[in-house]
Amino acid sequence: MKIFLLQNKVFFALYFLFLIIGGFILFRFEKGDEILYFNSLHTPFFDDVFKRISQLAEFPAMVLILIVTIFSGYGKGLLLSLNSLFIFLFVLLFKKVVFANQIRPALMFESTVHLNFVEGVNIYHYNSFPSGHTATAFGLFFMLSIFSKDKGWSIFLFSLALLVGISRVYLLQHFFRDI
């Protein structure tokens with residue numbers, strides 16, 4: 001277990017920093033302020049970038065990553081598969097049972113604020129917490145950082161996971177607290 005923690009101290013440190021900064025943001029700002037801020041930044045370039053980043057935590061990308069991981073060792077592929085299954089079940093339980101029908105940003109601001117939506121992104125109205133894309137990204141990229149054992153890769157993989165979370169806010173799918 002000690003080796004496991006030492007191999008990922010960079011990823012853990014970045015995640016801890018994110019939790020501290022995120023906690024400050026949650027206590028400092030009203031729910032929805034982050035939506036209005038990110039929505040004010042909409043450009044066609046960001047729309048395309050965040051739509052693509054969000055896809056990193058969707059099924060086709062996960063399958064591709066899983067296949068590549070299997071080629072580096074069946075054990076790694078099995079661990080990555082079990083991790084993904086656990087995250088899927090965890091998110092499903094929390095979305096559908098524990099925090100069922102939590103509204104999403106589009107519904108919260110439906111009749112009060114004009115929002116810029118990204119073309120080609122289906123907008124959902126319920127089951128906001130937790131963000132499945134973000135949970136998947138952090139779980140997937142955390143496991144990959146374990147496999148790589150390289151600080152540079154850990155920073156890169158953490159950054160990708162964080163960008164997936166931010167993309168979910170930018171795309172009006174989740175509030176900051178959901179990620």
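Modeller: Contact here means heavy atoms within 4.5 Å. We're looking at a predicted model, where local features need pLDDT of at least 70, side-chain atom pairs count only at pLDDT 80 or more, and totals for chains, interfaces and linings use all residues. Residues are numbered from 1 along each chain as its sequence is written, and side-chain values use heavy atoms, with hydrogens and water left out.

Colleague: What share of the contacts in the protein chain join residues at least 24 apart?

Modeller: Taking contacts between residues at least 6 apart in sequence, 79% join residues at least 24 apart.

Colleague: How many helices and strands does the protein chain have?

Modeller: Nine helices and zero strands, counted as DSSP runs (H or I, at least four residues, for helices; E, at least two, for strands) and numbered from the N terminus.

Colleague: Why is the protein chain called as compact as a globular protein of that length?

Modeller: The radius of gyration is taken over C-alpha atoms, and the globule rule is 2.2 Å times the number of residues to the power 0.38. For 179 residues the rule gives 16 Å and the chain comes out at 17 Å, which is close, so the label fits. The C-alpha trace spans about 50 × 35 × 30 Å along its principal axes.

Colleague: What makes the largest nonpolar core, and which residues have the most contacts inside it?

Modeller: A nonpolar core is a set of buried Ala, Val, Leu, Ile, Met, Phe, Trp, Tyr and Cys residues joined through side-chain atoms within 4.5 Å. This one has 35 residues, and Ile-35, Leu-80, Leu-140, Phe-141 and Leu-144 have the most contacts inside it. Helix 8 gives the most, with nine residues. Leu-140 touches Leu-56, Met-62, Ile-65, Leu-80 and Asn-83, leaving aside residues up to four places away in sequence.

Colleague: Why is Asn-127 called buried?

Modeller: Buried means under 20% relative accessible area, exposed over 50%, partly exposed in between (1.4 Å probe, protein chains only). Asn-127 has 13%, so it is buried. Asn-127 lies in the loop between helix 7 and helix 8, and its phi is near 60°, a positive value in a residue other than glycine.

Colleague: And why is Asn-101 called exposed?

Modeller: Its relative accessible area is 52%, so Asn-101 counts as exposed. Asn-101 is in the loop between helix 6 (74–98) and helix 7, with a positive phi near 65°.

Colleague: What makes the peptide bond from Phe-129 to Pro-130 cis?

Modeller: Its omega is near -10°. Pro-130 is found in the loop between helix 7 (105–108) and helix 8. Most peptide bonds are trans.
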